[in-house]
Amino acid sequence: MLGNDESPGVIRKSIRKLFNEKRALEEASKGAASAQISVELLEIYNEQVRDLLNEKKGTEGYENFNLALSSNEAVGNVVFEANHEEEVFSVLEKAQKRRCVKATKSNAESSRSHLIFSMNYIVTKASGVQRKSKLSICDLAGSERLSKSESYGSARKEAQHINKSLSTLSNVIEKLQQKSNHVPYRESKLTCLLHNSLGGDSKTLAIICCNPLGDHFQESTCSLRFAQKLNKVELKALG
């Protein structure tokens, strides 16, 4: 998702795109408008929301875990304001190293958490009027068959939390597709944080990664079915 200069990922491309838009807007307005960009990076690990931008260390390592949620937002996390994309790249490279990654029988570097990278984009006009938007990119940990990954101990617990939150996300998508009056966003931290991206006047895009090997046929089929379900959801503007 992050990539590097030679092979940029979705996150890196999005950062460059928004900063190019910021410069173009400010140049075209000739001082009549300015754009402010800030970023956040959260990890959902074992149903705990962790702030990967928090560099403070406590007695048990980085003090980045178990943030409270309010109105579908994390409370007390670091919001990093940047004037140039290189500042964001530098921060993200350090933060990425704090993400929980382990080796399993299925994957040499298996993500043990979901990652949500957000960019807040605020345009302020000379009159003081502001327009606010937010781009969130979520890197979901893949569902895991315990019989294949042979996870045990803490890795088994992580896999169970990952699978449960993905199941809740699937239920949310299904309820949205059915246009149900009740959508279970609050049944997991993942869907709670993604609430604003999955409803109202938001625009949502899903990128599905499938393994071409026959051994992973069932997992790839499940991913494609999930994508098909997503494609049928219609989001409507609020108000």
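**Close-ups around strand 1**

**View 1. Strand 1 and strand 10 side by side.** In this predicted model, strand 1 and strand 10 (residues 114-125) pair up antiparallel, with 12 bridges between them. For a landmark, look for Leu-42, which faces Ile-116 of strand 10.

**View 2. How well covered is strand 1, residues 33-45?** Mostly, it turns out: 11 of the 13 residues in strand 1 count as buried.

**View 3. Strand 1 meets strand 2.** Here strand 1 runs antiparallel to strand 2 (residues 48-51), and four bridges hook the two up. Leu-42 shows up again, this time with Asp-51 of strand 2 as its bridge partner. So which residues does Leu-42 stand across from in the two views? Ile-116 is its opposite number in strand 10, and Asp-51 is its partner in strand 2.

**View 4. Zooming in on the hairpin turn.** Strands 1 and 2 make a hairpin that leaves two residues between them. Check out Asn-46 in that turn: its phi is positive, at about 50 degrees.

**View 5. The strand 7 contact.** Strand 7 (residues 80-82) also pairs with strand 1, again in the antiparallel sense, through three bridges. Ile-37 of strand 1 can be picked out opposite Ala-82 of strand 7.

**View 6. A charge over a ring.** What does the charged end of Arg-12 sit over? The ring of Phe-89, with 4.2 Å to the ring centre. As for rings paired with rings, don't go hunting: the count of aromatic pairs is zero, with centres required to lie within 6.5 Å.

Terms used: Residues numbered from 1 in each chain as written. Predicted model: local features only at pLDDT ≥ 70, side-chain atom pairs only at ≥ 80, totals over all residues. Heavy atoms only, no water. Phe/Tyr/Trp six-rings, centres within 6.5 Å; stacked < 30°, edge-to-face > 60°. Lys NZ or Arg CZ within 6 Å of the ring centre and 35° of its normal. Buried < 20%, exposed > 50% of the residue type's maximum accessible area, 1.4 Å probe, protein only. Pairing = 2+ DSSP bridges.
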